[in-house]
Amino acid sequence: MDRLRAMELFLSVSRTGSFTETAKQYGVSPTSVSRMITDLEQELSVRLLLRSTRQVMLTEAGQEYAHQLDGILWSIHHAHDNITAISSSPQGLLRVHSRVMFGVGVLTPLVARFRTLYPDIHVELLLAEAQADLRLQQVDVDFRIAPPVEAGLKRRILFKSDRYLVASPDYIATMPELTSPPQLSNHAFLCYLKPGERYVCRFMSDKGVDEVALNPRHVTNSGIVQLELARLGEGIALLDDYTVANDIAQGRLVRLLPDFRVTNSSFEDGIYATILDTPMIPAKIRVFLDFVAAEVSGTERRFLAYRQPGATG
């Protein structure tokens, strides 16, 4: 006996109250419908239907069974449809939101390469410092520096990163002595704008975490602006390691106080791909996340993925 087909036929009869109508819907004879449901009853050792020449009625057991089958069969068909969608060629509009620095330096060149692999997926890249509301803004993927805390979302961590204190050689040549965190209060700092919060750095060492108040020379809500001001010798900036690695290697910036871990937020920051928590991930989202992860995930790969805005090659 085809148990799944017998369940479908029984559920149809429970809804239509007719063997004949169910037979029409499934392209079989009424006799076949009746026989398969009888076989199902024998397998279950319970009477599901009360039959007469005029009508078909559900027994109490039949009502309960129909109620349970409704959800079970919906789940089976839904899973089938999702698997079919995943196996088909990914296509459609993909709305991606990101922090500006990661979006410009990492995602922009990746989006161009992704298009050559999946020409039927059209990426709409939105950049802002504030995180996106995925449902309200209809965003498929949001790249955040911290894991999501909202209900109904799930994350895929691409990498964790540290933050570096950096300054240009020109600033270092004229700046006050800096050998310990408390001395930062005597320096010009390029602060990131966080409304309602004080300008501070937190330092982690074997002795614990210490906090130092900063003296802002410039305040901005853009990491790209902070980086450029640091290059111009305007002061000390606190930036993600992968965004300044090339400047440090080329001698444009110097890392300060390298023996300390430092942050202005959390020591667990990095890049987290955030999506809605659904039973199945749409194919366009899955292939995009896999592509980005293959390019940037891991301890060292993130340093190679970041391209300085305006750079070529």
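Contacts in this chain reach far along the sequence: among those between residues at least 6 apart, 72% join residues at least 24 apart. The model is predicted. The chain holds 10 helices and 15 strands. An assignment divides the chain into domain 1, domain 2 and domain 3.

**Overall form**

- The radius of gyration of the chain is 30 Å, whereas a compact globule of 313 residues would have one near 20 Å.
- The C-alpha trace spans about 100 × 45 × 30 Å along its principal axes.
- Buried residues make up 41% of the 313 in the chain.
- The accessible surface of the chain is about 16800 Å². Carbon and sulfur atoms account for 52% of that surface.

**Domains**

- Domain 1 covers residues 3-85.
- Domain 2 is written in two pieces, 88-161 and 269-305.
- Domain 3 covers residues 163-263.
- The centres of domain 2 and domain 3, taken over C-alpha atoms, lie 28 Å apart.
- These two domains also touch: 14 residues of domain 2 are in contact with 13 residues of domain 3.

**Strand 12 and its partners**

- Strand 12 runs over residues 236-240. Five of its five residues are buried, and the strand is mostly covered.
- Strand 7, residues 163-167, pairs with strand 12 in the antiparallel sense. Four bridges make up this pairing.
- In that pairing, V166 has A237 of strand 12 as its bridge partner.
- Strand 8, residues 188-192, runs parallel to strand 12. Two bridges join strand 8 and strand 12.
- On this side, F189 has I236 of strand 12 as its bridge partner.

**The hairpin of strands 9 and 10**

- Strand 9 spans residues 200-205 and strand 10 spans residues 208-213.
- Strand 9 and strand 10 run antiparallel, with six bridges between them.
- Two residues lie between the strands, and together strand 9 and strand 10 form a hairpin.
- Across the hairpin, R202 stands opposite E211 in strand 10.

**Cysteines**

- The count of disulfides is zero.
- C191 is in no disulfide. The nearest cysteine sulfur to that of C191 belongs to C201, 7.4 Å away. A disulfide needs the two sulfur atoms within 2.5 Å, so this pair does not qualify.
- C201 is likewise in no disulfide, and its nearest cysteine sulfur is that of C191, at 7.4 Å.
- C191 has a relative accessible area of 2%, which counts as buried.
- C201 has a relative accessible area of 0% and is buried too.

**S297, a buried loop residue**

- S297 lies in the loop between helix 9 and helix 10. Helix 9 covers 283-296, and helix 10 covers 301-305.
- The relative accessible area of S297 is 18%. Buried means under 20%, so S297 counts as buried.
- Its neighbours within four places in sequence aside, S297 is in contact with L158 and V292.

Notes. Residues are numbered from 1 along each chain as its sequence is written. This is a predicted model: local features need pLDDT of at least 70, side-chain atom pairs count only at pLDDT 80 or more; totals for chains, interfaces and linings use all residues. Side-chain values use heavy atoms; hydrogens and water are left out. Buried means under 20% relative accessible area, exposed over 50%, partly exposed in between (1.4 Å probe, protein chains only). Two strands pair if DSSP finds at least two bridges between them. The radius of gyration is taken over C-alpha atoms; the globule rule is 2.2 Å times the number of residues to the power 0.38. Contact means heavy atoms within 4.5 Å. Accessible areas come from the Shrake-Rupley method with a 1.4 Å probe; for residues, only the protein chains shown count as cover. Domain bounds come from an automatic or database domain assignment.
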